[in-house]
Amino acid sequence: MKPYKIGYTTGVFDLFHVGHLNILKKAKEQCDYLIVGVSTDELVMSYKKKQPVIPHNERLEIVEGIKYVDKVVPQVNRDKYAAWEQIQFDVMFVGDDWKGSSLFSEVETKLNQAGVELVFFPYTKGVSSTIVKEKIEIV
């Protein structure tokens with residue numbers, strides 16, 4: 001039996017790579033039902049100030065096609081507590097590169113008070129969408 005019933009994680013999932021796959025696989029190993037929030041193009045522009053390479057509707061389809069994912073939802077803002085209010089997940093999975101960040105320090109407290117755990121998985125070193133883009137530019 002898995003430790004959690006409903007899990008949730010989010011990401012841009014632009015230029016899907018093994019780091020993305022790792023967090024989805026590890027998350028699904030911990031929960032019966034995995035919901036993934038895929039950031040909208042507008043949300044990514046608002047905080048990264050750049051447009052994703054792959055449009056939102058295609059990134060949704062890609063993530064939806066991953067066998068570890070049970071449901072995909074658009075992530076329209078970065079408010080994880082608001083996402084919990086809507087989805088009611090038991091646990092949120094996050095890459096440990098976010099641990100201690102201002103975005104997650106506050107939300108971790110609020111989610112813990114609601115009985116939701118935050119599980120930080122090791123970030124896959126040496127791979128990111130930014131690194132993939134840099135490699136493409138070299139070629």
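## Terms and model

Helices and strands are here DSSP runs, a helix having at least four residues and a strand at least two, and both kinds are numbered from the N terminus. The structure described below is a predicted model.

## The sheet

At the centre of this description is an open sheet of 5 strands, which follow one another in the order β3-β2-β1-β4-β5 and pair in the parallel sense. The edges are taken by β3 (71–75) and β5 (117–121), and because each of these has a single partner strand, one side of each is left without a neighbour in the sheet. From one strand to the next, the twist averages 30°.

For the edge strand β5, the pairing with β4 is parallel and extends over 5 bridges. One residue pair can be named here, since Glu-117 in β5 is the bridge partner of Val-91.

## Helices across the strands

Two helices can be placed against particular strands. Helix α3, made of residues 56–64, lies across β2 (31–39) and β3, and its direction is at about 165° to that of β2. Helix α5 lies across β4 and β5, running at about 140° to β5.

## The loop with Asp-97

Between β4 (91–95) and α5 (102–113) there is a loop, and Asp-97 is found in it. Is this residue buried, partly exposed or exposed? Asp-97 has a relative accessible area of 46%, and because partly exposed covers the range between under 20% for buried and over 50% for exposed, Asp-97 counts as partly exposed.

Asp-97 can also be located relative to Trp-84, which is 13 residues apart from it along the chain, with 21 Å separating the C-alpha atoms of the two residues.

Methods:
Residues numbered from 1 in each chain as written. Predicted model: local features only at pLDDT ≥ 70, side-chain atom pairs only at ≥ 80, totals over all residues. Heavy atoms only, no water. Buried < 20%, exposed > 50% of the residue type's maximum accessible area, 1.4 Å probe, protein only. Pairing = 2+ DSSP bridges. Axes fitted to C-alpha atoms, helices over the stretch in contact; angles between N-to-C directions. Contact = heavy atoms within 4.5 Å.
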